[in-house]
Amino acid sequence: MTIYPEFPKNFLWGGATAANQCEGAYDVDGRGLANVDVVPIGKDRFPIIAGQKKMFDFEDSYFYPAKESIDFYHRYKEDIALFAEMGFKTYRMSIAWSRIFPKGDELEPNEAGLDFYEKVFKECHRYGIEPLVTITHFDCPMHLIKEYGGWRNRQLITFYERLCRTLFTRYKGLVKYWLTFNEINMILHAPFMGAGLYFEDGENQEQVKYQAAHHELVASALATKIAHEIEPENKVGCMLAAGQYYPNTPHPDDVWESLKLDRENYFFIDVQARGEYPNYAKKEWEQKGIDINIEPKDLLLLKENTVDFISFSYYSSRVASADPAVKEKTAGNIFASIKNPYLTESEWGWQIDPLGLRITLNTIWDRYQKPMFIVENGLGAVDTPDETGYVADDYRIDYLREHIKAMNDAINQDGVELWGYTTWGCIDLVSAGTGEMKKRYGFIYVDRDNEGNGSLKRSKKKSFDWYKQVIATNGSML
Ligand code: P53
């Protein structure tokens with residue numbers, strides 16, 4: 001067996017989940033309804049998460065997988081014990097906003113919601129696991145969507161600020177690592193899921209999306225400011241759905257196209273990490289007649305409160321072409337991309353590119369020189385348990401091994417600064433893109449299917465023991 005150079009001392013190995021994809025208990029202990037609850041599995045899911053089809057409440061004949069999900073809400077002790085058994089140093093999870101403020105605009109938080117996360121964080125610390133908390137992972141209380149129009153409304157900044165202040169105060173000493181908005185660039189691709197946006201006919205959707213993005217960016221800077229005021233030890237990060245674009249050919253038009261598409265994503269991080277709107281964005285808005293309402297004090301706030309680190313998800317690289325004739329899209333992906341003939345793909349058509357992770361790490365490092373955190377990476381696959389219930393998921397091990405090697409190269413050969421790595425869906429959970437259970441990422445199998453049948457029993461897959469060894473050897477035995 002090859003022995004690889006070790007990762008930095010104190011490297012934060014772990015796994016990641018999101019509240020709505022694992023907690024269930026959607027109406028328990030005073031929790032309010034959220035956008036993420038009312039997105040069903042099936043063909044209408046995409047138009048709904050994209051804000052094109054209206055779904056503001058449950059409707060008969062649809063199945064809503066997040067209602068029960070994998071019931072982490074009642075099983076967190078068992079699940080965290082399994083994470084601890086793998087040796088997790090960190091556990092990335094998110095807060096369900098509507099557990100803390102059920103409607104979103106209340107002045108006082110819901111104690112039962114606060115108490116739940118306090119118990120979860122204390123459970124993590126019992127095992128020496130450092131929580132890494134996403135403040136909003138695609139969720140927005142439904143009341144804020146119905147009454148205020150979601151993040152298009154500037155008042156959301158105030159409600160989000162209240163949420164943050166409550167969290168930072170209550171969990172001071174329990175949580176040190178915070179992420180403000182999961183995959184903030186998702187607002188452009190899945191605006192209902194990303195920002196509670198639903199579009200009326202004839203609306204200038206880009207205008208609405210960028211205005212909402214401005215509100216999120218201001219809210220993110222405000223959160224960073226408050227986090228530091230309340231506890232100077234707090235580290236606040238932004239979060240990008242990353243993946244470098246490659247030009248489809250060396251034709252300069254294709255190179256230009258890939259640069260433009262990369263900028264569409266880095267735009268958010270340019271603001272969060274550098275503290276100002278990049279010129280290319282201002283010019284583009286001007287050319288497209290997009291007029292963003294920015295208050296004078298916003299710009300100073302953005303400038304003075306940049307993030308401490310940059311986190312991102314990475315599943316795949318992407319390919320760009322300026323030629324409409326070759327724009328055959330990769331299947332099942334929210335991000336438009338052309339197929340890369342040099343890569344294999346997952347059962348959901350996501351192309352597998354470990355070197356792309358090294359390229360992405362280097363690009364982000366070159367652009368910002370801020371510490372990074374990979375907070376999602378993994379393979380969504382169909383797992384078939386054998387007659388004893390065991391899943392021999394060598395395909396998942398292969399995927400992760402190659403990506404960890406790429407990370408190792410970026411650190412030990414290229415010198416990027418990387419704080420940690422949390423694999424996506426360390427326990428099987430509901431897919432954000434499709435609502436399926438059968439698109440599994442976990443080291444831990446959960447007995448539940450797409451229709452919601454199953455005992456919810458947890459069992460260890462082959463990758464469980466493999467990842468345990470990776471962590472125990474600090475990445476030197478893969
Ligand atoms: P699923 C698309 C492209 C890149 C990242 O995705 C994405 C998506 C959404 O599908 O989202 C992140 O579950 C997200 C997680 C999500 C994970 O990727 O569709 O932060 O909530 O589960 C994987 O396979």
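This tour of a predicted model proceeds through three selections: an asparagine, two cysteines and a pocket.

**Asn-408**

Begin by selecting Asn-408, which is found in helix H14, spanning residues 394-412. With a relative accessible area of 3%, Asn-408 is buried. Next, display the side chain of Asn-412: a polar contact of 2.4 Å joins this side chain to that of Asn-408. To view the surroundings, add Tyr-4, Pro-5, Phe-7, Gln-413 and Gly-475; Asn-408 touches each of these residues, when residues up to four places away in sequence are not counted.

**Cys-124 and Cys-140**

Now turn to the cysteines. How many disulfides does the structure hold? The number is 0. Select Cys-124 together with Cys-426, whose sulfur is the closest cysteine sulfur to that of Cys-124; because the two lie 10 Å apart, they are too far from each other for a bond. Cys-124 is buried, at 0% relative accessibility. Then select Cys-140 and Cys-164: Cys-140 is in no disulfide, and its nearest cysteine sulfur, in Cys-164, is 13 Å away. Cys-140 also counts as buried, with a relative accessibility of 2%.

**The second largest pocket**

Finally, select Lys-260, Glu-264, Tyr-280, Glu-284 and Lys-288, which lie nearest the centre of the second largest pocket among its 18 lining residues. The space in this pocket amounts to about 410 Å³. Colour helix H9 (205-230), helix H10 (252-274) and helix H11 (279-288), since each supplies at least two residues of the lining. Colouring the lining by residue class will show 9 nonpolar, 2 polar and 7 charged residues.

Methods: Residues are numbered from 1 along each chain as its sequence is written. This is a predicted model: local features need pLDDT of at least 70, side-chain atom pairs count only at pLDDT 80 or more; totals for chains, interfaces and linings use all residues. Side-chain values use heavy atoms; hydrogens and water are left out. Helices (H or I, at least four residues) and strands (E, at least two) are DSSP runs, numbered from the N terminus. Buried means under 20% relative accessible area, exposed over 50%, partly exposed in between (1.4 Å probe, protein chains only). A polar contact is a pair of N or O atoms within 3.5 Å; within protein, one must be able to donate a hydrogen and the other to accept it, and residues adjacent in sequence count only if both atoms are side-chain atoms. Contact means heavy atoms within 4.5 Å. A disulfide is a pair of cysteine sulfur atoms within 2.5 Å. On a 1 Å grid over the protein atoms alone, a cavity is a set of points where a 1.4 Å probe fits but cannot get out, and a pocket is an open set with protein on both sides within 12 Å along at least five of seven lines; lining residues have an atom within 4 Å of a point. Grid points are joined across faces, edges and corners, and a volume is the space filled by probe spheres set on the points. Ala, Val, Leu, Ile, Met, Phe, Trp, Tyr, Cys and Pro count as nonpolar, Asp, Glu, Lys and Arg as charged, and the others, Gly among them, as polar.
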